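I opened this notebook to keep track of what I looked up, one entry at a time.

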Amino acid sequence: MNDRSNIWIELNMVQSWYTSKTNRFFQKDDLLEPFDYERLKTDLKDSLYGQHIASEVVLKAVSGFMTDKHPSKPLVLSFHGGTGVGKNHVSNIIARSIYKKGENSEHVHVFISEHHFPHKGQLETYKTQLKQWIHGNVSSFPRSMFIFDEMDKMNSGLIDVIKPFLDYYPKLDGVSYRKAIFTFLSNAGGNVINQVVLDSWMDGEEREQLQMNSRDMETNIFKDVFNAKSSGFWHSSLIGDHLIDHFIPFLPLEYRHVRQCVLAQMAALNITANDGLADRVARDMPYFPPEEKIFSVKGCKSVRQKLLLHI
Ligand SMILES: Nc1ncnc2c1ncn2[C@@H]1O[C@H](COP(=O)(O)OP(=O)(O)OP(=O)(O)O)[C@@H](O)[C@H]1O
Ligand SMILES: [Mg+2]
């Protein structure tokens, strides 16, 4: 495993260097999309369900950044929420607003903590490789996107490596990182978010009225992430140094949102829309709290698999 992940990173580094060099000569297969505010807005509206806060913040943050000719730092977004509520999904929506090949672009780099950096003993190697990887890719393609998944499981030493890239420096070792985008995904803060949404539901409030500062949500996410022992964040100074531009809460999904996910999967599988089937599949998912059964335990995760069981 050890060797395999090292080889993976090295092979990918070689491949990335090669493709970025060849791209300089043949700038044709992976060009940037001209940024289009309306297109991103429509994509978020049509394919993201139940996440009005994330939708609004992402739209403003990404469009502001993409249309800024001289950003003072890279865009740094931190997504928080329970499982299956759309954190990777939104990263992909952002990617397809920027790159012609969307999430499959070679300029989108995904790191999953436990997959790419599994061995504590290899930390020094990972640190060197990660630094070279970010440096190498941004120097050949400034508009690169880095997605760090399972950020709460990321070793703090690796977070310290990423930190300088997120800062306001005009250049670092001759390279400007100001056009790059970093997204950090984690479940940290998920329980706080779920509690806020549940309390608000219990009080009979409209979900759509919840805002980032409602019921001290932002402060409490911040505290939770900062204090959680398992979270690599607490040990680092990413938060303390204000390098994260936006903390974005992802709310737990309700039955109606899961149902929308089922209908979207039907369309993706070329199955004719069928309300009865959508209800059956959505009903087949677990919900919490145990009595009220309001929010989906797994969000929209495994909806596709459930759907396949029902057809
Ligand atoms: N809010 C949503 N709107 C539309 N589709 C969604 C939403 N949330 C999840 N999905 C669907 O469910 C799948 C799984 O969601 P995703 O991988 O984005 O979850 P996640 O928040 O990253 O969860 P985890 O914390 O477990 O990694 C997505 O690929 C997407 O198809
Ligand atoms: Mg995820």
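How many C-beta neighbours does Lys127 have inside 10 Å, and does Lys127 count as buried, partly exposed or exposed? I found 17 such neighbours for Lys127, and because the partly exposed class lies between the buried limit of 20 or more and the exposed limit of 12 or fewer, Lys127 counts as partly exposed. I note here that I am reading a predicted model.

**Entry on Lys127.** I placed Lys127 in helix α6, which covers residues 123-140. Once neighbours within four places in sequence are left aside, I find Lys127 in contact with Gly157, Leu158 and Val161. I also looked up the pair Lys127 and Asp160, which are 33 residues apart in sequence and 9.0 Å apart in space from C-alpha to C-alpha.

**Entry on the whole chain.** I counted twelve helices and seven strands in the secondary structure of the chain. Of the 311 residues, 37% are buried. When I took the contacts between residues at least 6 apart in sequence, 79% of them joined residues at least 24 apart.

**Entry on the annotated site.** I read in the UniProt record, an unreviewed entry, that a "binding site" covers Gly81, Gly82, Thr83, Gly84, Val85, Gly86, Lys87 and Asn88. I looked at two of these residues in detail, beginning with Val85, which lies in the loop between β1 (75-81) and α4 (87-98). Val85 counts as buried because it has 31 C-beta neighbours inside 10 Å, and, apart from neighbours within four places in sequence, Val85 is in contact with Phe250, Leu251, Pro252, Leu253 and Gly299. Lys87 sits in helix α4 and is buried as well, with 25 other C-beta atoms within 10 Å. With the same sequence neighbours set aside, the contacts of Lys87 are Phe79, Gly81, Leu185 and Phe250.

**Entry on ligand 1.** Which residues come nearest to ligand 1? Of the 21 residues around ligand 1, I noted Thr83, Gly86, Lys87, His89 and Cys300 as the nearest. Helix α4 gives the most to this shell, with three residues, and by class the shell has eight nonpolar, eleven polar and two charged residues. I place ligand 1 between domain 1 (2-188 + 231-250) and domain 2 (255-310), because both domains give residues to the shell around it.

**Entry on the nonpolar core.** I found 73 residues in the largest nonpolar core, where Phe148, Val258 and Val262 have the most contacts inside the core. At least three residues of this core come from each of domain 1 (2-188 + 231-250) and domain 2 (255-310). For Val258, leaving aside neighbours within four places in sequence, I listed contacts with Leu253, Ala282, Met285, Ser296, Cys300 and Val303.

**Entry on backbone geometry.** Most residues other than glycine have a negative phi, and most peptide bonds are trans. Against that background I noted Asn270, which has a positive phi of about 60° although it is not a glycine. Asn270 lies in the loop between α10 (255-268) and α11 (275-283) and counts as exposed, with 6 C-beta neighbours inside 10 Å. Ser302 likewise has a positive phi, near 65°, and I located Ser302 in the loop between β7 and α12 (303-310), where Ser302 is partly exposed with 13 other C-beta atoms within 10 Å. Last, I recorded a cis peptide bond between Phe288 and Pro289, with omega about -10°, and placed Pro289 in the loop between β6 (287-288) and β7 (295-296).

Key: Residues are numbered from 1 along each chain as its sequence is written. Chains are lettered from A and ligands numbered from 1 in the order in which they are written. This is a predicted model: local features need pLDDT of at least 70, side-chain atom pairs count only at pLDDT 80 or more; totals for chains, interfaces and linings use all residues. UniProt positions are given in the numbering used here, feature names are shortened, and annotations may be inferred rather than shown by experiment. Helices (H or I, at least four residues) and strands (E, at least two) are DSSP runs, numbered from the N terminus. Two residues are in contact if their C-beta atoms, placed from the backbone, lie within 7 Å. A nonpolar core is a set of buried Ala, Val, Leu, Ile, Met, Phe, Trp, Tyr and Cys residues joined through C-beta atoms within 7 Å. Domain bounds come from an automatic or database domain assignment. A residue is near a molecule or strand if its C-beta atom, placed from the backbone, lies within 6 Å of it. Ala, Val, Leu, Ile, Met, Phe, Trp, Tyr, Cys and Pro count as nonpolar, Asp, Glu, Lys and Arg as charged, and the others, Gly among them, as polar.
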